[in-house]
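User: Please take a close look at the charged and nonpolar parts of the surface. Give the cut-offs as you go.

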Amino acid sequence: MCHLQKLYEKYKDQGLVVLGFNCIDNKGITKSLLRENGVTFPNIREVSRIAWKVLDKGYKADGGVPVSYIIDREGKVVDAWYGYEEGHPRALAALKKAGLNVEE
């Protein structure tokens, strides 16, 4: 989550929007995680069966979390992956492909 916060802070002025979506953790855990990680980007917490179905079937998460998506300005998924990568090279490449001016 910290890596997403860093990307958000660095590229939000270029139009990067980061949106967190949690359909697993209870409200207390979610709030604690966000606070502990200094997250300032918007987050949705919805633990309904429909929310899980959207994540699992609609966005091909296949039951694994965390999943990161880079979506371009036309709403197309540029890339998606599970977990965290040190230095987020895949995220930077996807942001560049989505049209942001990215420093590598």
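Analyst: The surface patches come first, then the salt bridge. This is a predicted model, in which local features need pLDDT of at least 70, side-chain atom pairs count only at pLDDT 80 or more, and totals for chains, interfaces and linings use all residues. Residues are numbered from 1 along each chain as its sequence is written, and side-chain values use heavy atoms, with hydrogens and water left out.

K27, K31, R35 and R45 form a positive surface patch. Patches take residues with over 30% relative accessible area and no salt bridge, joining like charges within 9 Å and nonpolar side chains (Val, Leu, Ile, Met, Phe, Trp, Tyr) within 5 Å. Lys and Arg count as positive, Asp and Glu as negative, while His and the chain ends are not counted; a charge is placed at NZ of Lys, CZ of Arg, CG of Asp or CD of Glu. Areas are Shrake-Rupley values with a 1.4 Å probe, and for residues only the protein chains shown count as cover.

Helix α2 (residues 27-36) gives the most to this patch, with 3 residues. Helices (H or I, at least four residues) and strands (E, at least two) are DSSP runs, numbered from the N terminus. R35 lies in helix α2 and is exposed, at 61% relative accessible area (buried is under 20%, exposed over 50%, partly exposed in between).

L19, F21 and I44 make a nonpolar surface patch of about 270 Å². I44 belongs to strand β2 (residues 43-45) and is partly exposed, at 39%.

The whole structure holds 1 salt bridge, defined as a side-chain nitrogen of Lys or Arg within 4 Å of a carboxyl oxygen of Asp or Glu. D79 pairs with R90 in a salt bridge, the closest N and O atoms being 2.8 Å apart. The pair links distant parts of the chain, with D79 in strand β4 (residues 77-82) and R90 in helix α4 (residues 89-97), 11 residues apart.

Key. Buried means under 20% relative accessible area, exposed over 50%, partly exposed in between (1.4 Å probe, protein chains only).
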